[in-house]
Amino acid sequence: MPSRPFDKEIQGLTILVVDNNHYMRRLTRAMLVNLGAKSVLEASDGLAALEAIRTCDPDVMLLEWDMPVLDGMEVMRIVRSPGLFPRPNLPIIMLTSRAERSAVTQALRAGAHEFLLKPTSPQALRDRLTSIVFNPRPMVKLGEFYVPRPRRQPTNLELMKTA
């Protein structure tokens, strides 16, 4: 029986895990199930992910960056196309082994809600899911990108410094 609000919330989520590595999909699934998730779907590539989003309507997607055919950034670009894709507001957690700061920045600018580095811990995964469930951020158009509203808007003074 769930004892915390998060436990009830995660039980009701349908979570899509997209990774071409079978072992990583199974490991991520096991962490999610141990956190209380009842519905975990898997896709082994970007094309399968897009089809799963269309047919299964997941609540959250965990997405690997490095995949053949359509990589994670291409999948995110397609998903974040309002008017062209049916679920442009789908919360996305980029789960990847790319540790460079530039990769984090690029993923967040492209529309990822959260970023996790592999291998991740159950606690880090729980924290990211908690952020998405209890502090949802509306999607906004920033330049050419459709992204979650930034957590912190720059002040006028900060904008003047960068100009």
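These are my notebook entries on a predicted model.

**Entry 1: the sheet**

I began with the strands. Five of them form an open sheet, and its order is E2-E1-E3-E4-E5. The pairing is parallel. I then looked for the edges. Strand E2 (39–43) and strand E5 (114–117) are the edge strands, and each pairs on one side only. I also looked up the twist. On average, neighbouring strands of this sheet are turned by 20 degrees against each other, direction ignored.

A reminder to myself: strands of a sheet pair through backbone hydrogen bonds, either parallel or antiparallel.

**Entry 2: strand by strand**

Next I went through the bridges. E1 and E3 run parallel and are joined by four bridges. I picked out Leu16 and looked for its partner in E3, which is Met61. E3 and E4 also run parallel, with three bridges between them. Here Leu63 stands opposite Met94 in E4. Strand E4 (residues 92–96) is joined to E5 by four bridges, again parallel. On that side, Thr96 stands opposite Leu117 in E5.

Which way do the side chains of E3 point? Val60 and Leu62 point one way, while Met61 and Leu63 point the other way. I checked their exposure too: all are buried. So the bridge partner of Leu16 in E3, Met61, is a buried residue because its relative accessible area is under 20%.

**Entry 3: a helix on the sheet**

I looked for what helix H3 (residues 46–56) touches. H3 packs on the sheet and touches strand E1 (14–18), E2 and strand E3 (60–63). Its direction makes about 170 degrees with that of E1.

**Entry 4: the largest pocket**

I turned to empty space. Rolling a probe the size of a water molecule over the atoms shows where such space is left. The largest pocket holds about 490 Å³. It is lined by 16 residues. Closest to its centre are Thr105, Leu108, Arg109, Leu142 and Pro150.

Which elements give two or more residues to this lining? They are helix H5 (101–110) and strand E7 (145–148). H5 gives the most, with five residues. I sorted the lining by class: eight residues are nonpolar, two are polar and six are charged.

**Entry 5: the second largest pocket**

This pocket has a volume of about 170 Å³. Its lining includes Met73, Glu74, Arg77 and Arg80. Ser81, Pro82 and Ala110 are also among the lining residues. So are Lys141, Glu144, Phe145 and Tyr146. Helix H4 (72–79) and E7 each supply at least two residues. H4 has the largest share, with three. By class, I noted five nonpolar, one polar and five charged residues. E7 is thus listed for the lining of the largest pocket and for that of the second largest pocket.

**Entry 6: backbone oddities**

I searched the backbone for exceptions. Most residues other than glycine have a negative phi, and most peptide bonds are trans.

Where is the cis peptide bond? It joins Lys118 and Pro119, and omega is about -10 degrees. Pro119 is found in the loop between E5 and helix H6 (122–134).

I also looked for positive phi values. Asp57 has a phi near 50 degrees and is not a glycine. It sits in the loop between H3 and E3. Asp57 counts as partly exposed because its relative accessibility is 45%. Val69 has a positive phi of about 70 degrees, and it is not a glycine either. Val69 lies in the loop between E3 and H4. Buried or exposed? Val69 has a relative accessible area of 64%, so it is exposed; the cut-off for that is over 50%.

**Entry 7: Phe134**

Last, I looked up Phe134, which is found in helix H6. With a relative accessible area of 37%, Phe134 is partly exposed. I wanted its contacts beyond the neighbours within four places in sequence. Those are Pro5, Phe6 and Glu9. I also took one C-alpha to C-alpha distance. Phe134 and Asp19 are 26 Å apart in space and 115 residues apart in sequence.

Terms used: Residues are numbered from 1 along each chain as its sequence is written. This is a predicted model: local features need pLDDT of at least 70, side-chain atom pairs count only at pLDDT 80 or more; totals for chains, interfaces and linings use all residues. Side-chain values use heavy atoms; hydrogens and water are left out. Two strands pair if DSSP finds at least two bridges between them. Axes are lines fitted to C-alpha atoms, for helices over the stretch in contact, and angles run from 0 to 180 degrees between N-to-C directions. Contact means heavy atoms within 4.5 Å. On a 1 Å grid over the protein atoms alone, a cavity is a set of points where a 1.4 Å probe fits but cannot get out, and a pocket is an open set with protein on both sides within 12 Å along at least five of seven lines; lining residues have an atom within 4 Å of a point. Grid points are joined across faces, edges and corners, and a volume is the space filled by probe spheres set on the points. Ala, Val, Leu, Ile, Met, Phe, Trp, Tyr, Cys and Pro count as nonpolar, Asp, Glu, Lys and Arg as charged, and the others, Gly among them, as polar. Buried means under 20% relative accessible area, exposed over 50%, partly exposed in between (1.4 Å probe, protein chains only).
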